[in-house]
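Welcome, and please open the model in your viewer. We will go from stop to stop, with a selection to make at each one.

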Amino acid sequence: MPYFSASDKTLGLPRIQLHRGTVVVGRSTDADITLDHPTLSRAHGEVTVRGGVVTVRDLNSKNGIRHNGKRLHTVAVLRNGDEVKFGDIALMFHASDVEATTERDLVDKLTGRTQTLMFLARSASGAGSSDANRLRILLRAAEALATPQPESQVAETVAQLASDIFRADRIAVLLLDGDQLVCRAARDGLYNDAAGRPYSRAIVQQTHARGRAMRFDDVRHDQRVQNAQSVMDVGIRCALAAPLVCDGEALGVLYVDSLVAAASFDDADLDMLVAFANQAGLALSWGRSRNALEQAAVVQSTLLRFFPPATAARLMKQQTTDFEPVEVEATVLFCDIAGYTELSSSLAPREVFDLLNAYFPPLAHAVLSNGGTLEKYIGDALMAVWGAPFPQEDAADRAVEAAVAMQFGLRQLNRERVQAGLAEIAVYIGIHSGPVAFGNVGTKEYVQYAAIGDATNVASRICGVAGRGEILISDTTYRSLTRPHRATTPLDPVQVKGKDEPLHLHRVAWKF
């Protein structure tokens, strides 16, 4: 099980175990992990353990989070031994068994193969043979590929190493993109054809289709590639190609050729290419595995900004943050600070930021803990939705409970503000139920989920007529409640802008 320990042992902090799911780290006693230190915000950061990945992200804290000494601006994937600094509290991350099985297996295989090569190289070193030299070269290649790298960097490393190992004029590393082989890295020492393709398409495709290494001693007279346009155009004399695979999965092809003389490569070269391609395939698979984990962590972090963990988990299965709009029956909540314009005009801009950063976390926590979706922040206003993107039979009940939790959260915040000599904050809350269309509005690069429909406008209007500290719900929401609820008081019909008919509202009792 993963855990944090204190980097500074004098702090006397116990081991902090991390369980699956998302926890909030902060100064508040309401935080899942409470670190009582003045440099921490009430809700400082968030740590998530899911799918073999541990991530950390900042919750707009005042003093920020540092990951291995660098200020954290987005989400970070934690590795064993990483330092995470919340304010002035530095913690050491211990992965334990959290690493994904696939990645751990890849590391073990890569380490095992490298150790085997080291043994063989040392055993043959006294003979002074060409085999020993080849093994030493292959060992250097294995060591160079043993460091985790992105896929693009692995391809470049493989191309450079191949140019050091083989007496070749051209080298190409082709990787599968869907069902197409795409050249991701190349070395072309003698010749550049008009199309800029440093390989024979016919040889590469045959190697990939057959799934085994191939040697072509004299391409001009080889029946396997006779009349191939890519061979005739460039004038290839001989070539080697080997599939890049890992655990039976085809990843691409490693290709080398000579444009000068036939039979430039022998059986030993083919064996060397196969051994090197095996190492390269393992490194590529490792790189892809890490990339997939990190991309999943980014998607997960994005979703958790808006959705409760259960909803985020369902959306994670789609492996995208972009989904088509859905039409649903939803309950919409608007919350707004009373007298915000006057309050903010009396504060410096940084003080307004501090106000909002203290105000929003308890509201957001109330929404997410009651299964709601954070639709957006609009200045000092918060909009939340229940019943989207997935239906909830008790959407109205959850929205009302979230509203009550918001008021109690602000009550605690106001106690702290009064102790600090600051003015109390009061909010208006309006809730309405009705049909909306819900989805991502904007671009794939900028994710913004939105609920669009008249229900959102009505909820906003209800919020506008609520008094300080009031929770008002529409008659539609009142009739949608599915279980015995807090006491409500019907109000006289209220005329609001944009509606011909007055609204029948109910006040929710929450104070005691």
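In which sense do strand β6 and β9 pair, and over how many bridges? Select residues 53–58, which make up β6, and you will find that this strand and β9 pair in the antiparallel sense over 3 bridges. Keep in mind as you look that this is a predicted model.

**The sheet around β6**

Now widen the selection to the whole sheet. Its 5 strands run in the order β4-β3-β5-β6-β9, forming an open sheet with mixed pairing. Look next at residues 33–34 (β4) and 75–77 (β9): these strands stand at the edges with a single partner strand each, so one side of each is left without a neighbour in the sheet. Strands of a sheet pair through backbone hydrogen bonds, either parallel or antiparallel.

**One residue in β6**

Select R57, which lies in strand β6. Its bridge partner in β9 is V75. Is R57 buried or exposed? Its relative accessible area is 14%, and buried means under 20%, so R57 counts as buried. Show side chains here and add E46: a polar contact of 2.8 Å joins the side chains of R57 and E46.

**Helix α9**

Next, select residues 349–369, helix α9. At 1.5 Å a residue, its 21 residues should span 30 Å, and the end C-alpha atoms are 31 Å apart, which agrees. Colour its buried residues, among them V352, L355, L356, Y359, F360 and L363. An α-helix has 3.6 residues a turn, so residues three or four places apart point the same way. Just after α9, stop at G371, which takes a positive phi of about 75°.

**Colour by confidence**

Switch the colouring to pLDDT. The protein averages 79, and 76% of the residues score at least 70. Among the elements, strand β22 (residues 471–474) has the highest mean pLDDT, 94, while helix α1 (residues 101–124) has the lowest, 45. Over residues 97–129 the pLDDT is below 50, and this stretch has 56 contacts in the model beyond near neighbours in sequence. Residues 190–195 also stay under 50, with 8 contacts beyond four places in sequence. Where pLDDT is low, the predicted coordinates should not be read in detail.

**Zoom out**

Finally, show the whole protein, with its 12 helices and 24 strands. Of its 512 residues, 50% count as buried. With the surface switched on, the protein exposes about 24600 Å², of which carbon and sulfur atoms supply 50%.

Definitions and conventions
Residues numbered from 1 in each chain as written. Predicted model: local features only at pLDDT ≥ 70, side-chain atom pairs only at ≥ 80, totals over all residues. Heavy atoms only, no water. Pairing = 2+ DSSP bridges. Helix = DSSP H or I, 4+ residues; strand = E, 2+ residues; numbered from the N terminus. Expected span 1.5 Å × (residues − 1). Buried < 20%, exposed > 50% of the residue type's maximum accessible area, 1.4 Å probe, protein only. Polar contact = N/O pair within 3.5 Å; in protein donor to acceptor, adjacent residues only side chain to side chain. pLDDT = per-residue confidence, 0-100. Contact = heavy atoms within 4.5 Å. Areas by Shrake-Rupley, 256 points an atom, 1.4 Å probe, with all protein chains shown as cover.
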